[in-house]
Amino acid sequence: HSLKVDGLDASMDIQEFTKHTVLAQAAVLQHLGGDAAMKREVETYIAEMDKEADEHIGRILDDTYSLPDVVRSELRTADEIIIGMRKFRDDKVLAASRAGQITEALALAAENDVTFDKAAERIEAAIVANDADNVRLDHVVDTTKASRTRLTIIFLALGTLLAGLLGWVIANMVSRPAREVALVLDSLANGDLRPRTEYQSADEL
């Protein structure tokens, strides 16, 4: 009975750890597209998601549950990767975003997503190992399958969200200065030479 409970609780903690980590990653794109006030709000939200993720992974790594060594080892590796990913995010990605270097921040965010993929592989390996260990426990087998399905749905849904937010940020970066320049050109075409634009760029605009 104790092993069944441990398997169920550990699966939920793995799921919650993954979910909060992905939510923190997704929030980075909101940081890139926001003003100074929005950036501060997003940074607070990211810190909250990091704290939630740490609480869930902490219960697994501090031997709260009776789990196979391979499960704990895979999750410990994933946690180490994610700690490095967070430092890169805070020191590089968010710093570039705060400085208004959006193009560089986007490139750095994409690089950090690759790092997260490595952590996700370790998490998936831990889930597979945990599932294999729970094959002996009929009740846990059905539950872990459902948990993995929910985890897959979370990854797909949040992956779609990430793609949508990235598209919105890029579209906004292009369309906003284009609209500003178009308004000035319309005024010039109507003979009004007073309008000016503060937009400066080395690209086609």
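The protein chain contains five helices and zero strands, and its elements follow the order α-α-α-α-α from the N terminus. The model is predicted. Of the 205 residues in the protein chain, 38% are buried. The accessible surface amounts to about 11500 Å², with carbon and sulfur atoms accounting for 57% of this area. Where contacts in the protein chain link residues at least 6 apart in sequence, 72% of them join residues at least 24 apart.

Nonpolar packing is considered next. In soluble globular proteins, nonpolar side chains tend to be buried together. In the present model, the largest nonpolar core comprises 24 residues, and L75 and I123 have the most contacts inside it. Two or more residues of this core are supplied by each of helix 1 (2-33), helix 2 (36-61), helix 3, helix 4 (102-133) and helix 5 (138-189). Helix 4 provides the largest share, namely seven residues. Residues up to four places away in sequence being excluded, L75 touches I14, I57, I60, L61, I123 and A126. A second core, separate from the one just described, consists of 18 residues, among them A27, I46, L94 and A96.

The surroundings of E74 were examined individually. This residue is located in helix 3, which spans residues 69-98. With a relative accessible area of 17%, E74 falls under the 20% limit and is therefore classed as buried. The side chain of E74 is joined to that of R122 by a polar contact of 2.5 Å. Apart from neighbours within four places in sequence, the residues in contact with E74 are R122, A125 and A126. A126 thus appears in the contacts of E74 and also in those of L75.

Charged pairs form a further part of the description. Side chains of opposite charge can pair when their charged atoms come close. The salt bridges in the model number nine. One of them connects E16 with K19, with 3.2 Å between the closest N and O atoms. Because E16 and K19 are three residues apart in helix 1, about one helical turn separates them. E16 is buried at 18% relative accessibility, whereas K19, at 26%, is partly exposed.

Another salt bridge is formed by the side chains of D54 and R86, with an N to O distance of 2.9 Å. D54 belongs to helix 2 and R86 to helix 3, so this pair ties together parts that lie 32 residues apart in sequence. The relative accessibility of D54 is 34%, which places this residue in the partly exposed class. R86, in contrast, is buried at 10%.

The side chains of R89 and D90 likewise meet in a salt bridge, for which the N to O distance is 2.9 Å. R89 is buried, with a relative accessibility of 2%, while D90 is partly exposed at 32%. These interactions belong to a wider arrangement, since D50, D54, R86, R89 and D90 are linked in a network of salt bridges. Within this network, the buried residues include R86 and R89, and the partly exposed residues include D54 and D90.

Methods
Residues are numbered from 1 along each chain as its sequence is written. This is a predicted model: local features need pLDDT of at least 70, side-chain atom pairs count only at pLDDT 80 or more; totals for chains, interfaces and linings use all residues. Side-chain values use heavy atoms; hydrogens and water are left out. Helices (H or I, at least four residues) and strands (E, at least two) are DSSP runs, numbered from the N terminus. Buried means under 20% relative accessible area, exposed over 50%, partly exposed in between (1.4 Å probe, protein chains only). A polar contact is a pair of N or O atoms within 3.5 Å; within protein, one must be able to donate a hydrogen and the other to accept it, and residues adjacent in sequence count only if both atoms are side-chain atoms. Contact means heavy atoms within 4.5 Å. A nonpolar core is a set of buried Ala, Val, Leu, Ile, Met, Phe, Trp, Tyr and Cys residues joined through side-chain atoms within 4.5 Å. A salt bridge is a side-chain nitrogen of Lys or Arg within 4 Å of a carboxyl oxygen of Asp or Glu. Accessible areas come from the Shrake-Rupley method with a 1.4 Å probe; for residues, only the protein chains shown count as cover.
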